[in-house]
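Work through the exercises below with the sequence and the model at hand. Each task is followed by a solution in steps.

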Amino acid sequence: MPPDFRETGGMNDALAPDALALHRALVTLDTHIDIPWPPGPEPFVDGPRRVDMAKMQRGGMSAGCFVAYVPQATRTPANEDAAFARAIAMLDHINAMGRTENQITARVALSAGAVEAAKRDGVLAIVPCVENGFAIGTDLSRLAEFHARGARYLTLTHNGHNALADSCNPRRDLGDRDSEHGGLSPIGVRAIGEMNRLGMMVDVAHTSRDTMMQAAETSRTPIVSTHSCVSALCDHSRNMTDWQLDIIRDVNGVIQITAVSAFLKPNAKPDDVTSADFADHVDHAVKRIGIDHVGISSDFDGGGWFRDWKDAGDTANITIELARRGYDRGALEKLWGGNFLRVMRVVEEAAE
């Protein structure tokens with residue numbers, strides 16, 4: 001990779017065929033994809049979803065972390081039970097995506113090695129995950145049930161504080177103060193210990209800065225932020241400051257730069273943002289903490305997309321832009337999944 005990352009406009013047409021061939025050869029893992037719920041269009045039909053199996057195949061996206069997302073609600077036993085039931089049903093739906101249909105084969109992959117094997121076998125890899133610790137309420141035994149259904153990371157919070165931790169986006173309509181726990185709650189600390197024991201990655205996207213810092217200190221394994229951008233280029237509560245990036249590096253974790261337009265440029269709409277803006281965030285993070293701690297995600301079907309990465313079928317445009325800036329094959333392998341799979345392996349090996 002060259003020492004400078006030039007900011008030029010447009011695509012180098014001469015580079016595109018080589019970059020496309022390279023893109024097809026990579027394990028391209030998108031670490032955060034939402035699924036419609038209640039179940040929407042069939043995942044094996046090229047339809048209105050931003051990610052379906054046909055678009056993944058067409059765009060050279062070889063693997064995805066599909067999340068069972070649970071919205072925050074008032075913390076009552078009934079609401080927590082309903083959130084848990086929803087997450088279980090969504091995980092079952094994600095697992096059912098591991099099949100062959102319309103001449104496309106997808107396989108549920110529950111380890112780093114399984115993701116890589118799926119690529120070698122020419123099939124798509126599906127990694128189940130859960131977003132928002134509200135789904136367990138205060139019952140840590142529910143983490144084992146998620147793990148048994150394949151969940152390989154838990155995003156500690158979403159918008160709004162929960163019983164585990166403070167969010168970076170308090171929900172005033174739910175009565176949230178700026179901070180409720182001062183970061184992690186005591187049960188949140190125990191939840192991270194249980195995730196370490198089970199072999200689930202700790203995802204700090206959506207958490208407050210205190211929560212993120214304390215999660216890094218508490219976890220025996222590296223933390224990840226599966227869909228965030230950097231504050232230095234766009235000052236948004238969902239983005240990570242340079243000192244947070246330093247923590248990610250210091251614990252050997254990874255930040256996955258994501259495709260949400262308002263995280264990439266202040267107050268931007270998707271049509272205002274391009275892959276060059278996305279690559280600027282990758283560049284900044286790489287320069288700050290090194291190529292071993294940065295990755296790529298979309299948050300497709302959860303709000304993420306922009307002008308030239310509007311769905312999974314456009315995924316090669318990201319590789320083309322990064323290759324144009326001088327990222328070589330080794331760097332692209334790390335950005336497109338290698339770094340995340342490294343953390344996944346560490347978490348697997350540390351599990352009891």
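**Exercise 1.** In this predicted model, H4 and helix H12 (residues 329-350) pack with their axes 8 Å apart, at an angle of about 135 degrees. Classify the arrangement and describe the contact of H4 with H12.

Solution.
- Step 1. Angles over 145 degrees count as roughly antiparallel and 65 to 115 as roughly perpendicular. An angle of about 135 degrees therefore makes H4 oblique to H12.
- Step 2. On the H4 side, the residues in contact are Ala112, Gly113, Val115 and Glu116. They meet Leu341, Met344, Arg345 and Glu348 in H12.
- Step 3. Sorted by class, the contact of H4 with H12 has four nonpolar, three charged and one polar residue.

**Exercise 2.** Do the same for helix H7 (residues 209-218) and helix H8 (residues 242-250), and give the hand of the crossing.

Solution.
- Step 1. The axes of H7 and H8 lie 10 Å apart, at an angle of about 20 degrees. Angles under 35 degrees count as roughly parallel, so H7 is roughly parallel to H8.
- Step 2. The crossing of H7 and H8 is left-handed.
- Step 3. Arg209, Met212, Met213 and Ala216 in H7 meet Trp243, Gln244, Ile247 and Ile248 in H8. The residues of this contact divide into six nonpolar, one polar and one charged.

**Exercise 3.** Describe the largest pocket and its lining.

Solution.
- Step 1. The largest pocket holds about 190 Å³ of space. It is lined by 14 residues, of which Gln57, Ser62, Lys119, Gly122 and Leu124 are the closest to its centre.
- Step 2. At least two lining residues each come from helix H1 (16-25), helix H2 (53-59), strand S4 (104-108) and helix H4 (112-121).
- Step 3. By class, the lining has six nonpolar, six polar and two charged residues.

Definitions and conventions: Residues are numbered from 1 along each chain as its sequence is written. This is a predicted model: local features need pLDDT of at least 70, side-chain atom pairs count only at pLDDT 80 or more; totals for chains, interfaces and linings use all residues. Side-chain values use heavy atoms; hydrogens and water are left out. On a 1 Å grid over the protein atoms alone, a cavity is a set of points where a 1.4 Å probe fits but cannot get out, and a pocket is an open set with protein on both sides within 12 Å along at least five of seven lines; lining residues have an atom within 4 Å of a point. Grid points are joined across faces, edges and corners, and a volume is the space filled by probe spheres set on the points. Helices (H or I, at least four residues) and strands (E, at least two) are DSSP runs, numbered from the N terminus. Ala, Val, Leu, Ile, Met, Phe, Trp, Tyr, Cys and Pro count as nonpolar, Asp, Glu, Lys and Arg as charged, and the others, Gly among them, as polar. Axes are lines fitted to C-alpha atoms, for helices over the stretch in contact, and angles run from 0 to 180 degrees between N-to-C directions. A crossing is left-handed if the near helix is turned anticlockwise from the far one by less than a right angle, and right-handed if clockwise. Contact means heavy atoms within 4.5 Å.
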